[in-house]
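I am keeping these notes as I look through a structure that is new to me. I begin with the overall picture and then go element by element.

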Amino acid sequence: MLTGQSRISDGADHSASDAAKTKAEKSGPTILAIDTASTSLSTAVLINGEVKGELYEDMERGQAEHLMGFIAKTLETAKVDLVDLDGIAVTVGPGAFTGMRIGLSTARALGLARKIPVVGVSSLEAVAYGVTERDHQGRNILVALDSKRNEIFAQAFDSKKRPLSNAECVAPRQALMMAPPGDTLLAGDATPRLLTAAAHAPDAFYDCTAPGLPRAGNVARIAAARWETGENLAPVPLYLRAPDARRIEDQGPQKKK
């Protein structure tokens, strides 16, 4: 009997030891990241500060049909399951209305099912995060994303990726004025439009090699850096322009025929 008690005690000790070892080896939250806010689809998992299973594909349509498959493949490649996640990070825009809602609704549904936090990350900040030191060399960064309209989504950052302006939906020439005077690096898929507008600008603007659209790995890294401080954005859409579709009652009186 005493022997049996001893075995149980040993097992409990080993379990406690294993749990403590696992806890000691874990550095930072395990986060699933999702981006569908633009014309691409990207997923990744951050484990102990390392991005694993990152997937990316240019995709103007079909994100809703492919997202769960991307998530499953990312988790399989990273060798984790949904139960291993501490939270979910998702881009909140600015971007496409439908794309933002696909990512947010999926992230919130998974978070609700697993009872884990869901946090938001700005698409503009995720692109700025992808600019390497070799590219910016201490210069400020102006990120511009295509809105598929005359305006673009833009925001200025310093060389340490800290915001210098608010995110705005403006014309390309107005976006150039968001950057402080001096050399500025341009990033984002609307960079060609900024370079055209900057042809006669007094300041110098440079193109870079960073990805033009958000990568889920960078979304996860940003969320993890703010995990303990609670400074991540709420998982709600960041709308910078009014929708094209309007309710009939909001369109004013109809003209008489």
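Before listing what is buried in any helix, I note the cut-off: a residue counts as buried under 20% relative accessible area and as exposed over 50%. I also note that this is a predicted model.

**Entry 1: the whole chain.** I looked up the confidence, and the mean pLDDT of the protein chain is 88, with 84% of its residues reaching 70 or more. Over residues 1-12, however, the pLDDT is below 50, and this stretch has 0 contacts in the model beyond near neighbours in sequence. Where pLDDT is low, the predicted coordinates should not be read in detail. I then counted elements and found 8 helices and 10 strands in the protein chain. Of its 257 residues, 44% are buried. Among contacts between residues at least 6 apart in sequence, 62% join residues at least 24 apart.

**Entry 2: helix α3.** Which residues of α3 are buried? I find Gly-99, Met-100, Ile-102, Gly-103, Leu-104, Thr-106, Ala-107, Leu-110 and Gly-111 on that list. The cover over these buried residues includes β1, α2, β4 and β5, the last being residues 118-121. I also checked the length: the 18 residues of α3 should span 26 Å at 1.5 Å a residue, and the end C-alpha atoms are 26 Å apart, so the two values agree. After α3 comes Lys-115, which has a positive phi near 60 degrees.

**Entry 3: helix α2.** From its first C-alpha to its last, α2 reaches 21 Å with 16 residues, close to the 22 Å expected at 1.5 Å a residue. Its buried residues are Gln-63, Leu-67, Phe-70, Ile-71, Thr-74, Leu-75 and Ala-78. Why do the buried residues of α2 line one face of the helix? Seen down the axis of α2, they fall within an arc of 125 degrees, so they line one face. An α-helix has 3.6 residues a turn, so residues three or four places apart point the same way. Glu-65 and Glu-76, on the other side of α2, are exposed. The buried residues pack against β1, β2, β3 (50-58) and α3. Following α2 is Lys-79, whose phi is positive and near 60 degrees.

**Entry 4: the largest nonpolar core.** I looked up which members of this 22-residue core touch the most other members, and they are Leu-32, Ile-34, Val-45, Ile-71 and Ile-88. At least two core residues each come from β1 (31-35), β2 (40-47), α2 (63-78), β4 (87-91) and α3 (97-114). The largest share, 5 residues, is supplied by α2. I followed Val-45 further and, leaving aside residues up to four places away in sequence, found that its contacts include Ile-31, Leu-32, Val-51, Thr-74, Leu-75 and Ala-78.

**Entry 5: the β2 and β3 hairpin.** These two strands pair in the antiparallel sense over 7 bridges, and Leu-46 stands opposite Val-51 in β3. The hairpin has 2 residues between the strands, and Asn-48 takes a positive phi near 50 degrees there.

**Entry 6: a threonine in a loop.** Is Thr-36 buried or exposed? Thr-36 lies in the loop between β1 and β2, and because its relative accessibility is 1%, it counts as buried. Not counting residues up to four places away in sequence, Thr-36 touches residues including Gln-63, Leu-67, Thr-91, Gly-99 and Met-100.

**Entry 7: a second sheet region.** I traced an open sheet of 5 strands in the order β8-β7-β6-β9-β10, with mixed pairing. Its edge strands are β8 (168-170) and β10 (205-206), each of which pairs on one side only. Within this order, β6 (residues 140-146) and β9 (residues 184-187) run parallel and are joined by 4 bridges. The bridge partner of Val-143 in β9 is Ala-187.

**Entry 8: a valine in a loop.** Val-131 sits in the loop between α4 (123-129) and α5 (133-136), and at 3% relative accessibility it counts as buried. From Val-131 to Ile-141 there are 10 residues in sequence and 8.5 Å in space, C-alpha to C-alpha. Apart from residues up to four places away in sequence, Val-131 touches His-136, Ile-141, Lys-161, Leu-185, Ala-187, Cys-208 and Ala-210.

Technical notes: Residues numbered from 1 in each chain as written. Predicted model: local features only at pLDDT ≥ 70, side-chain atom pairs only at ≥ 80, totals over all residues. Heavy atoms only, no water. Core = buried A, V, L, I, M, F, W, Y, C linked by side-chain atoms within 4.5 Å. Buried < 20%, exposed > 50% of the residue type's maximum accessible area, 1.4 Å probe, protein only. Contact = heavy atoms within 4.5 Å. Pairing = 2+ DSSP bridges. Expected span 1.5 Å × (residues − 1). pLDDT = per-residue confidence, 0-100. Arc of directions from axis to C-beta.
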